[in-house]
Structures are given as C-alpha cells and as structure tokens.
Amino acid sequence: MTPLADRICRHCNSQAVEDEVHFLVNCPYYSDLRYDLFTKVSISHPEFSTFEDIEKTAFLLQNDHIVNSLAALVSRMYRRKLSSQ
C-alpha cells in the first residue's frame with residue numbers, strides 16, 4: 001500500500017493527498033462529474049452543503065438511496081482518472 005504522503009493528487013494543483021475524501025468530494029478535476037449528484041443530494045438533504053468534507057464522504061457512502069448514483073459517479077471519475085495517466 002502506498003503511504004498517504006506519497007499519494008499527492010496529480011490532477012489538481014492543491015498538493016493534497018489523493019485520499020478517498022479528496023477524490024470523492026474535493027478534487028476540482030472531477031467537479032463537473034460530481035455536480036448532478038451533489039445537487040440532487042443537496043435538494044433532498046439541505047444540510048449536506050454545511051457538512052465537513054469527511055461528513056460528506058460518510059453521508060454519500062452510507063446513504064442507500066443514492067448508492068446506484070454514487071457507484072455510477074465513481075465509475076465515471078475513475079475512468080477519467082485512468083484516461084489521463
């Protein structure tokens with residue numbers, strides 16, 4: 001397993017560690033892909049926009065109502081990531 005310190009995101013200029021939270025919630029490289037799901041979640045759960053990033057990640061991963069949408073999003077994000085390497 002690659003140590004976190006060696007997992008700097010190569011897709012944005014933030015110099016952030018590319019962990020699950022960065023990938024799923026923060027990285028601007030994927031913001032256009034996230035837009036629809038995050039808008040849908042924010043409409044049905046207005047408090048979502050006030051969550052800290054780790055809380056947003058946990059909410060997304062634990063919410064049964066969006067599991068299919070989240071899986072589709074992660075698949076699109078991962079395909080983009082692979083195509084840029």
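## E18 and its surroundings

At 14% relative accessibility, E18 counts as buried, because the cut-off for buried is under 20%. This glutamate sits in the segment before α1. Please keep in mind as you look around that the model is predicted.

Which residues does E18 touch once its neighbours within four places in sequence are left aside? Its contacts are R7, I8, C9, H11, F23, Y30 and K81. Two of these partners, F23 and Y30, return below as an aromatic pair, and R7, F23 and K81 come back in the lining of the largest pocket.

## The largest pocket

E18 is also a good way into the largest pocket, since R7, E18, D19, F23 and K81 are the lining residues that lie nearest the centre of this pocket. The full lining has 17 residues, and the space inside comes to about 330 Å³.

Which helices each supply at least two residues of the lining? They are α1, spanning 20-26, and α4, spanning 67-83. Sorted by class, the lining holds seven nonpolar, seven charged and three polar residues.

## Aromatic pairs

Six aromatic pairs turn up in a search of the whole structure. In one of them, the ring centres of F23 and Y30 are 5.1 Å apart and the planes meet at 70°, so the pair is edge-to-face. Both F23 and Y30 are buried, and for Y30 the relative accessibility is 0%.

Y30 also pairs with Y29, again edge-to-face, with 5.0 Å from centre to centre and 80° between the planes. Is Y29 buried or partly exposed? With a relative accessible area of 27%, Y29 is partly exposed, whereas its partner Y30 is buried at 0%.

Elsewhere among the aromatics, there is a cluster worth finding in the viewer: F38, F48, F51 and F59 are linked by ring pairs.

## The nonpolar core

The largest nonpolar core has 18 residues, and L37, V41 and L60 are the members that touch the most others. Two or more residues of this core come from each of α1, α2 (31-44), α3 (53-62) and α4. Which of these helices gives the largest share? It is α2, with four residues.

L37 is a handy place to start exploring the packing. Setting aside neighbours within four places in sequence, L37 is in contact with L60, I66, S69, L70 and L73. One of these partners, L60, is itself among the core members with the most contacts to other members.

## T57 and S75 on their helices

T57 is found in helix α3. Its relative accessibility is 6%, so T57 counts as buried. Not counting residues up to four places away in sequence, the contacts of T57 are V21, L24 and V25.

S75 belongs to helix α4. Is this serine buried or partly exposed? At a relative accessible area of 33%, S75 is partly exposed, because that class lies between the 20% and 50% cut-offs. V25, already met as a contact of T57, also gives a distance to S75: the two residues are 50 places apart along the chain, and their C-alpha atoms are separated by 14 Å.

Methods: Residues numbered from 1 in each chain as written. Predicted model: local features only at pLDDT ≥ 70, side-chain atom pairs only at ≥ 80, totals over all residues. Heavy atoms only, no water. 1 Å grid on protein atoms, 1.4 Å probe; cavity = no way out; pocket = protein on both sides within 12 Å on 5 of 7 lines; lining within 4 Å. Points joined across faces, edges and corners; volume = space filled by probe spheres on them. Nonpolar A, V, L, I, M, F, W, Y, C, P; charged D, E, K, R; others polar. Buried < 20%, exposed > 50% of the residue type's maximum accessible area, 1.4 Å probe, protein only. Core = buried A, V, L, I, M, F, W, Y, C linked by side-chain atoms within 4.5 Å. Contact = heavy atoms within 4.5 Å. Phe/Tyr/Trp six-rings, centres within 6.5 Å; stacked < 30°, edge-to-face > 60°.
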